[in-house]
Amino acid sequence: MSGAGAPTLELDGSGLRVVVVAASWHDVVMDGLVAGAHRALERAGVADVALVRVPGSFELPVAALHAARAGADAVVALGVVIRGGTPHFDYVCHAATQGLTDVALQTGTPVGFGVLTCDDEAQALDRAGLEGSREDKGAEAAEAAVATVLALRAL
Ligand code: DLZ
């Protein structure tokens, strides 16, 4: 999947409470994703931002569920899973993706999906919003979460 075609979003997220849930594997890439999400939320005027760290991407759904039940208007889920030589990659990716989807649908709380699933670390660094990265997936996930809250409120 390429990053081409991503929308440019002008957002007013003032008054929203947003919880960023972030895994801890691959710390350099994670630092970039978390910083990108915070930059995007600040640009959108979201003042009430909390950050919750969990060990790995497998733990993101339960943290997102807890945040949603605790009253977050939106959750931004960030993680990095890098393919290795075992099927573990597929299990962790599937659990994170399906689990976060379930949280959004069961609670009605928008969940921005910022989990990178990459073949190697170079791919992940290129999407991490760091100096020299081509993409900023942490920011994209944060913007998507805020935009979805605003879209749902307009219904
Ligand atoms: C076990 C594991 C492996 C092999 N790789 C990653 C990874 O690339 N990214 C990530 O976020 N987490 C990884 N994990 C940890 C699992 O997500 C989870 O934390 C453990 O299986 C413990 O439940």
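A polar contact here is a pair of N or O atoms within 3.5 Å. The views below show a predicted model.

**View 1. Polar contacts to the ligand from Val80, Glu59 and Ser57.**
Val80 uses its backbone: an N or O atom there lies 2.7 Å from a nitrogen atom of the ligand. Glu59 uses its side chain, with an N or O atom 2.5 Å from a ligand oxygen. Ser57 also brings a polar side-chain atom, 2.8 Å from an oxygen atom of the ligand. The protein buries 72% of the 490 Å² that the ligand exposes when taken alone. Ser57 itself sits in the loop between β2 (48-53) and α2 (60-69).

**View 2. The shell around the ligand.**
The ligand occupies the second largest pocket. Two elements each give two or more residues to the shell: β3 (74-82) and α3 (88-107). The largest share comes from β3, with three residues. Val80, Val81 and Ile82 are among the residues around the ligand. Trp25, His26, Gly56, Ser57, Phe58 and Glu59 surround the ligand too. His88 and Val92 complete the list. Sorted by class, the shell holds six nonpolar, four polar and one charged residues.

**View 3. Annotated positions and the ligand pocket.**
An unreviewed UniProt entry places the feature "binding site" at Trp25, Ser57, Phe58, Glu59, Val80, Val81, Ile82 and Phe113. Which of these residues belong to the lining of the second largest pocket? That lining includes Trp25, Ser57, Phe58, Glu59, Val80, Val81 and Ile82. The ligand takes up the space of this pocket. Ser57 and Glu59, both on the UniProt list, make side-chain polar contacts with ligand oxygen atoms. Val80, listed as well, makes its contact through the backbone.

**View 4. A second annotated set: Gly85, Thr86 and Arg127.**
UniProt lists these three residues for "binding site", again in an unreviewed entry. They are spread over 43 residues of sequence. They are spread in space as well, with up to 23.4 Å between C-alpha atoms. Of this set, Thr86 is included in the lining of the second largest pocket. Gly85 is found in the loop that links β3 and α3.

**View 5. Ser133 and its backbone partners.**
Ser133 lies in the loop between α4 (121-126) and α5 (137-153). A polar atom of its side chain is 2.6 Å from the backbone oxygen of Leu125. The backbone nitrogen of Gly129 is 3.5 Å from a polar atom of the Ser133 side chain.

Key: Residues are numbered from 1 along each chain as its sequence is written. This is a predicted model: local features need pLDDT of at least 70, side-chain atom pairs count only at pLDDT 80 or more; totals for chains, interfaces and linings use all residues. Side-chain values use heavy atoms; hydrogens and water are left out. A residue is near a molecule or strand if one of its heavy atoms lies within 4 Å of it. A polar contact is a pair of N or O atoms within 3.5 Å; within protein, one must be able to donate a hydrogen and the other to accept it, and residues adjacent in sequence count only if both atoms are side-chain atoms. Accessible areas come from the Shrake-Rupley method with a 1.4 Å probe; for residues, only the protein chains shown count as cover. On a 1 Å grid over the protein atoms alone, a cavity is a set of points where a 1.4 Å probe fits but cannot get out, and a pocket is an open set with protein on both sides within 12 Å along at least five of seven lines; lining residues have an atom within 4 Å of a point. A molecule sits in a cavity or pocket if more than half of its atoms lie within 2 Å of its grid points. Helices (H or I, at least four residues) and strands (E, at least two) are DSSP runs, numbered from the N terminus. Ala, Val, Leu, Ile, Met, Phe, Trp, Tyr, Cys and Pro count as nonpolar, Asp, Glu, Lys and Arg as charged, and the others, Gly among them, as polar. UniProt positions are given in the numbering used here, feature names are shortened, and annotations may be inferred rather than shown by experiment.
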